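Here are a few short exercises to work through with the model open beside you. Try each task before you read its solution.

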Amino acid sequence: MSVAQTEGPAAVAGATVVEARALHRLALGIVRDAARVGTDDVSVQLADRRGDLRVSVEVPVVLSRQGTDPVSARADAVRDAVVQGMRDLAARHVGAVDVRFAGVRRETERRVA
């Protein structure tokens, strides 16, 4: 094992372990934010694909009054968010992201008094 020098006060040997449950919750939050839906509306499955992560996502299509992006553009946004988020936040390489849209949610407007 080798220890790299860091910019901090002192380098400390050790290991960082990210459990499967933490990776799952992280992916769930990334998808929730990218799809703009609640956590209860998101389903995420993680699998190992030759050392890379394969992420299967299921979210509803969100309809809003302000116009909507095509479903393919929404899927691309979710896919990009998962790949970048898992790379930046968990140092994991995502090899594939499958996005499935199931159901429809209407975005409700909130009025502030």
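## Exercise 1: The nonpolar core

The largest nonpolar core of this predicted model holds 20 residues, and V31, V42, V44, V55, V57, V82 and M86 are the ones that touch the most other members.

**Task.** Find which elements give two or more residues to this core, and which of them has the largest share.

**Solution.**
- Start with the contributors: α1, β2, α2 and β3 (94-106) each give two or more residues to this core.
- Next, look at the shares: α1 supplies the largest, with 6 residues.
- Then take one well-connected member, V42. Leaving out residues up to four places away in sequence, V42 touches L28, V31, R32, V37, E58 and V59.
- As background, nonpolar side chains in soluble globular proteins tend to be buried together.

## Exercise 2: Following α1

**Task.** Work out which residues of α1 are buried and what covers them.

**Solution.**
- Begin with the helix itself: α1 has 16 residues and reaches 22 Å from its first C-alpha to its last, close to the 22 Å expected at 1.5 Å a residue.
- Now list the buried residues of α1, which are L23, A27, L28, G29, I30, V31 and A35.
- To help read that list, recall that an α-helix has 3.6 residues a turn, so residues three or four places apart point the same way.
- Finally, check the cover: β1 (43-49), β2 and α2 are among the elements that cover these buried residues.

## Exercise 3: Two positive phi angles

**Task.** Say where R36 and A91 lie, and whether R36 and A91 are buried or exposed.

**Solution.**
- Keep in mind that most residues other than glycine have a negative phi.
- R36 follows α1 and sits in the loop between α1 and β1. R36 is not a glycine, yet its phi is positive, about 55°.
- R36 counts as exposed because its relative accessibility is 62%, and the cut-off for exposed is over 50%.
- A91 lies in the loop between α2 and β3, also with a positive phi, near 55°.
- A91 is exposed too, with a relative accessible area of 64%.

## Exercise 4: The largest pocket

**Task.** Describe the lining of the largest pocket by position, element and residue class.

**Solution.**
- The largest pocket contains about 330 Å³ of space. Its lining has 17 residues, and A35, R36, V62, D69 and R74 are the closest to its centre.
- By element, α1 (20-35), β2 (52-63) and α2 (71-90) each supply at least two lining residues, and α2 gives the most, with 4 residues.
- By class, the lining has 9 nonpolar, 4 polar and 4 charged residues.

Technical notes
Residues are numbered from 1 along each chain as its sequence is written. This is a predicted model: local features need pLDDT of at least 70, side-chain atom pairs count only at pLDDT 80 or more; totals for chains, interfaces and linings use all residues. Side-chain values use heavy atoms; hydrogens and water are left out. On a 1 Å grid over the protein atoms alone, a cavity is a set of points where a 1.4 Å probe fits but cannot get out, and a pocket is an open set with protein on both sides within 12 Å along at least five of seven lines; lining residues have an atom within 4 Å of a point. Grid points are joined across faces, edges and corners, and a volume is the space filled by probe spheres set on the points. Ala, Val, Leu, Ile, Met, Phe, Trp, Tyr, Cys and Pro count as nonpolar, Asp, Glu, Lys and Arg as charged, and the others, Gly among them, as polar. The expected span of a helix is 1.5 Å times one less than its number of residues. Buried means under 20% relative accessible area, exposed over 50%, partly exposed in between (1.4 Å probe, protein chains only). Contact means heavy atoms within 4.5 Å. A nonpolar core is a set of buried Ala, Val, Leu, Ile, Met, Phe, Trp, Tyr and Cys residues joined through side-chain atoms within 4.5 Å.
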